[in-house]
Amino acid sequence: MASLQQLNMVLVLPPLSHSFHHHHQPSITRRNAKRPINRCSSRFIFKPRSSLSLSAQTPRTETPSTSAYEFPLQLITNLCQSKNLADALILLQENSQDAIGSDTLSSLQRKEAMGVLLQACGQHKDIETGRKIHEMVATSNQFSNDFVLNARLITMYSMCGSALDSRSVFDNLKKKNLFQWNAMVSGYTRNELYEDALLMFVELVSNTGFKPDNFTLPCVIKACGGILDLSCGQAVHGMAVKMGLLGDVFVGNALVAMYGKCGFVNKAMDVFDFMPERNVVSWNSIICGVSENGIFRDGLELFREMMACEEGATPDAATLVTILPVCAGEGDAGMGTLVHGLAVKLGLNQELMVNNALTDMYLKCGYLSQAKILFARTDNKNVVSWNTMIGGLSTQGYNNEMFDLLRKMQMGGDELKANEITILNVLPACLEKSELLSLKELHGYSFRHGFEYEELVANALIAAYAKCGSLYSAEHVFNGIGKKAVSSWNALIGGHAQNGNPRKALDFYLQMANSGLRPDWFSLGSLLLACSHLKSLYHGKQIHGYLLRNGLEIDLFLAISLVSLYIHCGKSASAQILFDKMEDKSLVSWNAMIAGYLQNGLPDEALVLFRQMISYGIQPHEIAINSVFGACSQLSALQLGKEAHCYALKALLMEDVFVGCSIVDMYAKSGCIQQSQRVFDMLGEKDVASWNALILGYGIHGHGEEAVELYEKMQTFGYKPDAFTFIGILMACSHSGMVEEGLKYFDQMQNFHRLKPKLEHYACIVDMLGRAGRLNEALRLIKEMPEEPDAGIWSSLLSSCRTYGAVDMGKKVAEKLMNLEPNKAENYVLLSNLFAGSGKWDDVRRVRQKMKENGLQKDPGRSWIELGGKVYSFIVGDSLSPNLEEIRDMWRRLEEKIQKIGYKPHTDSVLHELGEEQKIEVLRGHTEKLAISLGLLRTAKGETLRVCKNLRICVDCHNAAKLISKAVEREIVIRDNKRFHHFKNGFCSCGDYW
């Protein structure tokens, strides 16, 4: 940077004390240093000896004391204080004659009057009046080269935002002193022209004989902080040490603020601790520096220290405006309320910026009602007031109220029109297609007011259009941007990756790379998300390689994105390796990994990882606990589910609607539909998903009538059924044999609720018709579908053909199925079973040979039972299971009992070309029988047994389970891959319809 190089050339840095060595601090946490000076110094507030002080530089002469002689100057001062600058100027002009009399001003009074009026012009940003005074000064032989008035002119222009006019005055001066140099440095800094301020300072030091003072250095230090140039700031710090100005409170305050802005909180604390004198600005600066770097707790502690000082600095409006965002950042509404009380006590609650900060604090702490009251009571609202309230409503999802407030703001006059910040606050609320019209209105407003092509607004518009489903509009906004920055490309790439067009996200990235721009962490995160949606492991690995080559794999956000990529691509082991390498695992990373195992059908691993997370002392939130309930649902692990339910109650997570819905689902899928109903009834807040979970639960238990009753009740309570509701109700009708009712609801879905059926709905209808033996109707429906049927639909129909022995139709259906999924073993097994059921063993052998040639192997039958919180699994053909002989002996005793009450082995369930005795022996090895036997061995009399199976239960096991329930007087619940069967007193809840 040019300014830094020039600064280093003209400054000789002395060795600093041990407190100010310029080593990079890797941590921004607060240190406990020895403090030679008590922070609660009695010398807090004092006036700086500024170079611009008139009294310090200009000798005052005695002036006549007659009231007539004093009157015009006092009147001009009074007019300036009442903001009547035009009248003050007229009075000055009328009394600026060279003639001396009682109605004219002396030359000293004229000079003072001009100075007062210039100060007022700067304060009220009245540049036109200021220009007229400038003309008076410039045309006056007496004042044209006056140091003080020219310094005031420079300051006036800078306060009015016209740095060019300030520089023009400065450059036209024949003689300059430190006043004008300081005024220029201060003016540049005030207008955030930090580079210019530093260059002016370099010129002052290198080309003049003036020595910077305690007014110069604070402005220069602020400029260093403004451009986050730590090295430059350290150089000026060294200069302050050399010149003996380090003890000056204004220099110290500026250093504290500069180090805080640059992220070096420890150095800011060092400067603060060694300041011999402090004022309220000192405390404000350190609190602000600490809180802006996210160390909110230390910010609150510093505020408490400030308040505890016996002779401490009294907080001002700036203090409260500094500490309230700290309270908001910590979510500490209690401290925020105390600060509110302090504001009232100090009479600062009428200050608009304090009111705005209080409103913001209450909103960010979730106290919307308090924020509304405060906002309503604020009489002199400005744009910041409205933006704060609108932003809070937007963040909390109160979109209707937010748009109403925006309309009211627009009716408040020109001074309260929405600005860029307003638009940026509102755009994130445009998340769905229903908000597209409002989004277009905001876009039009931005276009009319010139906001559209400001980078932040343009990027927010791109993101909003993408979220509202209008990717074309997002691209249109992007194409209108002249010079596209990485952030604009990120908005477009992220918009496509997150909203349904990941392939195009990759294409836009290639365009961005070809334009010469390098991706940042956001670009790479969006690309990984796109690859996850596409399940493109190839492209994902390329991005992973890029991260490794550039040392970016350690970034937590990108590491979690990589874990998510491998999970979506089914590579759980790779995801676990990346997860294990993370040094600081966040709650998000644990959630991603646990949910990933669940998504990939590995519920056991998900539960193991959850226990590991708990053992590390990490408290799970809603996402993790939802994954646990999902794992328990997949395993039908009722005991573990109950434990997780207890944890959710103790952790006060039940108020979350998603947790409640997950518990309803867990109990339903663990075979406890009554408990599922009880949890549902106790939910404080229900949504459509809660109703859907219970309807689906009744459906998989075969309770069609209860599901239909719940569906009707849901609507009477004002809930509108969605696509998932109809999946549940159609499944319930299918499992209960309620074919006509199912067809009625399918028609109602389309013609009354105007919902377009998806493949899942057609699959339910095909399954329902197939189970009822109405195969031709099912086939006709498939042919009339507006979409191409997927493999699931053909598979369902093939299964029904197997049940009803429709070999000819089954062969045609199997052909369709094989074309869609030629490498799925389950499809060949279905076809083989179709032939075996009809005794076509040659065809069976041909299908099995085809499987062998393709390297396919059927999934072995597997059953499991949860006992005492532990899951015991049985796999067909596995002779290594512990206690297997004891279990087989138990089955033989059971078999003898049930044979006495009518059990006969259903050898047709064995789809192999074997003899009868061999088939009976095969039936004895079915895994659900072994699981039931173990359950009877390990549980008390009368206790319900709950068994899960990965395949559909066969007729023989179904018959046996009915009779066992009668013989041992137990309820047995078996969940197969289709539904639940409740066996009790020799009957099954399915009514032998499955």
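**Exercise 1.** In this predicted model, find the loop that holds Asp859, then decide whether Asp859 is buried, partly exposed or exposed.

*Solution.* Start with the neighbours along the chain: Asp859 sits in the loop that runs between helix H48 (841-853) and strand S1 (862-867). Next, look at the relative accessible area of Asp859, which is 57%. Exposed means over 50%, so Asp859 is exposed. As a last step, turn to Asn950: this residue is 91 residues from Asp859 along the chain, and their C-alpha atoms are separated by 8.9 Å.

**Exercise 2.** Work out where Ser636 lies and what stands out about its phi.

*Solution.* Ser636 belongs to the loop between helix H35 (622-635) and helix H36 (638-650). Its phi is near 55°, a positive value in a residue other than glycine. For comparison, most residues other than glycine have a negative phi. Now check the cover: buried means under 20% relative accessible area, and Ser636 has 8%, so it counts as buried.

**Exercise 3.** Do the same for Asn883: what is its phi, and is it buried, partly exposed or exposed?

*Solution.* Asn883 is not a glycine, yet its phi is positive, at about 60°. You can find Asn883 in the loop between strand S2 (870-875) and helix H49 (884-899). Because its relative accessible area is 41%, Asn883 is partly exposed.

**Exercise 4.** Which residues form a positive surface patch with Arg190?

*Solution.* The partners of Arg190 in this patch are Lys125, Lys222 and Lys261. Arg190 itself is in helix H9 (residues 178-190). With 39% relative accessibility, Arg190 counts as partly exposed.

Conventions: Residues are numbered from 1 along each chain as its sequence is written. This is a predicted model: local features need pLDDT of at least 70, side-chain atom pairs count only at pLDDT 80 or more; totals for chains, interfaces and linings use all residues. Side-chain values use heavy atoms; hydrogens and water are left out. Patches are made of residues with over 30% relative accessible area and no salt bridge: like charges are joined within 9 Å, nonpolar side chains (Val, Leu, Ile, Met, Phe, Trp, Tyr) within 5 Å. Accessible areas come from the Shrake-Rupley method with a 1.4 Å probe; for residues, only the protein chains shown count as cover. A salt bridge is a side-chain nitrogen of Lys or Arg within 4 Å of a carboxyl oxygen of Asp or Glu. Lys and Arg count as positive and Asp and Glu as negative; His and the chain ends are not counted. The place of a charge is taken as NZ of Lys, CZ of Arg, CG of Asp or CD of Glu. Helices (H or I, at least four residues) and strands (E, at least two) are DSSP runs, numbered from the N terminus. Buried means under 20% relative accessible area, exposed over 50%, partly exposed in between (1.4 Å probe, protein chains only).
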